[in-house]
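Colleague: I am new to this structure and would be grateful for a close look at one part of it. Please choose a single residue, describe its surroundings, and then lead me outward from there to the rest of the chain.

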Amino acid sequence: MNQPLHPTRGLIATHDGHGRPFDLTDLRKWIRLHAVVFHTEKIDVRTVGEGISLLPALLDFARQSKVRLSLRTDGSHDPAVLPALAEAGLLDVFCAMAAYDGDALTRWTAACAAAGLALRVQIGAPLPEHISVEAATKCLAATAMVNITLYDPFAPAAPLRGRVASTALRDMNALARALDARGVEVNLLHAPFCLIAEENRRHVVNSTQFFFDYQHYDQRAYDFAANIHTRGPRRMAKAVENLLSRRMAVHSPFHHSVLPWLLHHPLLLMRLWVVHQLTRHLQFLRGPRPLPESAEGWEAAIEAHRRRHRRNLGPVCAACRFCRICDHASEQFRRRCPDLQIAAVPGDEVISPFHLMRGRTRYYDAVDAARRELPKIQETLAEEARRITLRETPTREITADHYEIEDHYTHHMPGAVRWISFLNVEHCSTPLARLQPPFTMQLTFGGGIAGHIGFSFGRHAKVVCPMVDYSHRLTLHVDEFGRYVLLRDGVIVRPTEFDGARYLPPRIGDNVEPRISIHNIDGFILTQTLLLWEGRRGADGALIAVASDAPKIKYSVVIICTRYTRRLQATLLGLAHQRGFDIRALEVVIGYVPGIDATDDLIESMRRTCP
Ligand code: SF4
């Protein structure tokens, strides 16, 4: 419960830094990038000018992608749009102003209260000359959270010279003190610790805190938005598409063609095996590196980081107790406050970025409040998984004959699949089934060893754990909200996170096609029949709806439509009006380019008229 929550907020913008608008279709893809690649659960939409009119369409798309959107405005918009946006599912409002504007803040505070939305605020320091700290505090007291920042990369401002820079620091300190006393969460962004009064240092947020604290942004999503900020709509579209399509092609011609032949030449096979044993753990031959799991591993990594870090520090910061958690006199800080001088703070070195932040007033929105409860939920899910797998009969069994290793030679044995590999990469099976949460899967891995075993739900979603014995029974239980727990031999295990790759999904989505995923196989390993429990259960634990009760899909019609929506409409109506068979046994798969014509509207209307 008291563990720090990592950020799960992303950032997109309707316009770039030069005011050029982004295309609606590209914005939808950008949201998709957050959902699929960055795995963020909520996104701030930085709206500029008329870009706010895109929000209803974006909210609709975000709902389908299971992401919540917040409105990030500079305060210049008319808050009259809020009731409609709240109705459409807006999470909250983030009013990020380059400078304090009391009138606009009063308008937005009242509108948010009327629409039932929380208001987060960011203002640039210093306060305007005619505004007192007391007046600003009174205006900000009704907000959920206030950032006071020295600079904002998305709103470049002129340098603060001489006395003005000192005034900015004085205002930051005074406002933080006053708002904290009123029970409002305050963050002092991008200010070096040494320039902030000691009692306010717990509010200081530099990049170490910014990218590790739930209140701010996921680093990859934020860095991407900052990079795109000055690059224009065409480059944004290309970059988003590029990131979305990464790792689409995974082929292993070596295994596909050579392995069947090699298995019939034992002498060559033995030599290859020896080479494989010697090279299996070499890092440069492997994919994403798992993060260390032992205290020694972490200490070694921290020591290496510390050496690198000290090399880059100047003499002042190297002697400061905050050197590990501070941004130092960064280039952006120097540009904004060229006349401010930093000074080392003596004392014991502070290591944890959250060391000073304890005991602060914090604000949790609906998404973060649910994440705080996760450890308790994991225990509940694990109990449910154990009960289902011990007491219930599986609703389906997917035998070893029903899946293969994708793009790879597959050796089917009686009751098992033998995975043979001499490459230090991930291998996946073909899709096991199409599933709708809730469901529970159980699979036994044995007869060999591998680096990591588990399940893959696509290129960017993998739930795997280390293999620490020659045999494991893995159970993955997913509840109806997509929350999941992984059990290794009946015990909760934290799924592995990989250095430089975000594979761990916060939730499992709808209509998923799980595959078996095995990383770095040591020669060979066996997998057996997958046991599957599907459907919802009542309070007594009994199954109340089993997916297999529904008629099985017998007919699949695949339509690729990039033009001529009318023809697609005629085809769909023709299918919907067929007689003499159970229409629930029919599925239609449509491939189209979202937003290019009226296909979106047609699909939506067909869904409503012929569900
Ligand atoms: S590390 Fe440098 S910039 Fe940061 S508080 Fe210490 S002296 Fe100031």
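Modeller: Let us begin with Asp171, which touches Pro126, Leu127 and Val133 when residues up to four places away in sequence are not counted. The model is a predicted one. Asp171 belongs to helix α6, which covers residues 163-181. Its relative accessible area is 6%, and because buried means under 20%, Asp171 is classed as buried.

One of the partners of Asp171, Pro126, deserves attention in its own right. Pro126 is located in the loop that runs between β5 (118-124) and α5 (133-140). The peptide bond that joins Ala125 to Pro126 is cis, with an omega of about 5°. In general, most peptide bonds are trans, and most residues other than glycine have a negative phi. A second cis bond leads from Pro437 to Pro438, where omega is again near 5°. Pro438 is placed in the loop between β13 (426-428) and β14 (439-446).

Two residues depart from the usual sign of phi. His190, although not a glycine, has a positive phi of about 65°. The loop that holds His190 connects β7 (185-189) and β8 (204-205). With a relative accessible area of 13%, His190 is buried. Asp407 is not a glycine either, yet its phi is positive at about 55°. Asp407 is found in the loop between β10 (396-398) and β11 (411-413). Its relative accessibility is 32%, so Asp407 counts as partly exposed.

We turn next to the ligand. Around it stand Pro192, Phe193 and Cys194, together with Cys317, Cys320, Cys323, Cys326 and His328, and also Ile342, Ala343 and Ala344. Sorted by class, this shell consists of ten nonpolar residues and one polar residue, with no charged residues. The ligand occupies the space of the largest cavity.

Asp327 helps to relate this region to other parts of the chain. Asp327 is in the loop between α13 (315-318) and α14 (331-336). Pro192, a member of the ligand shell, is 135 residues away from Asp327 along the chain, but the C-alpha atoms of the two are separated by 6.8 Å. Apart from residues up to four places away in sequence, Asp327 touches Asn206, Ser207 and Thr208. At 22% relative accessibility, Asp327 is counted as partly exposed.

Gln215 offers another case of residues that are distant in sequence. Gln215 occupies the loop between α7 (207-210) and α8. Between Gln215 and Thr8 there are 207 positions in sequence and 8.6 Å in space, taken from C-alpha to C-alpha. The contacts of Gln215, not counting residues up to four places away in sequence, are Arg9, Arg120, Met145, Glu185, Asn187, Arg362 and Tyr363. Gln215 has a relative accessibility of 3% and therefore counts as buried.

Beyond that loop, two further helices can be considered together. Helix α9 comprises 14 residues, 232-245, and reaches 20 Å from its first C-alpha to its last, close to the 20 Å expected at 1.5 Å a residue. Its buried residues are Gly232, Met236, Ala237, Val240, Leu243 and Leu244. An α-helix has 3.6 residues a turn, so residues three or four places apart point the same way. The elements that cover the buried residues of α9 include α1 (24-38) and α8 (219-228).

Helix α1 is itself mostly covered, as eleven of its 15 residues are buried. Those residues are Thr25, Asp26, Leu27, Arg28, Trp30, Ile31, Leu33, His34, Ala35, Val37 and Phe38. The end C-alpha atoms of α1 are 20 Å apart, which agrees with the 21 Å that its 15 residues should span at 1.5 Å a residue.

These details can now be set within the whole chain. The protein chain contains 18 helices and 27 strands. Of its 611 residues, 47% count as buried, and Asp171, with which we began, is a buried residue. Among contacts in the protein chain with a separation of 6 or more, 74% are between residues 24 or more positions apart.

Notes: Residues are numbered from 1 along each chain as its sequence is written. This is a predicted model: local features need pLDDT of at least 70, side-chain atom pairs count only at pLDDT 80 or more; totals for chains, interfaces and linings use all residues. Side-chain values use heavy atoms; hydrogens and water are left out. Helices (H or I, at least four residues) and strands (E, at least two) are DSSP runs, numbered from the N terminus. The expected span of a helix is 1.5 Å times one less than its number of residues. Buried means under 20% relative accessible area, exposed over 50%, partly exposed in between (1.4 Å probe, protein chains only). Contact means heavy atoms within 4.5 Å. A residue is near a molecule or strand if one of its heavy atoms lies within 4 Å of it. On a 1 Å grid over the protein atoms alone, a cavity is a set of points where a 1.4 Å probe fits but cannot get out, and a pocket is an open set with protein on both sides within 12 Å along at least five of seven lines; lining residues have an atom within 4 Å of a point. A molecule sits in a cavity or pocket if more than half of its atoms lie within 2 Å of its grid points. Ala, Val, Leu, Ile, Met, Phe, Trp, Tyr, Cys and Pro count as nonpolar, Asp, Glu, Lys and Arg as charged, and the others, Gly among them, as polar.
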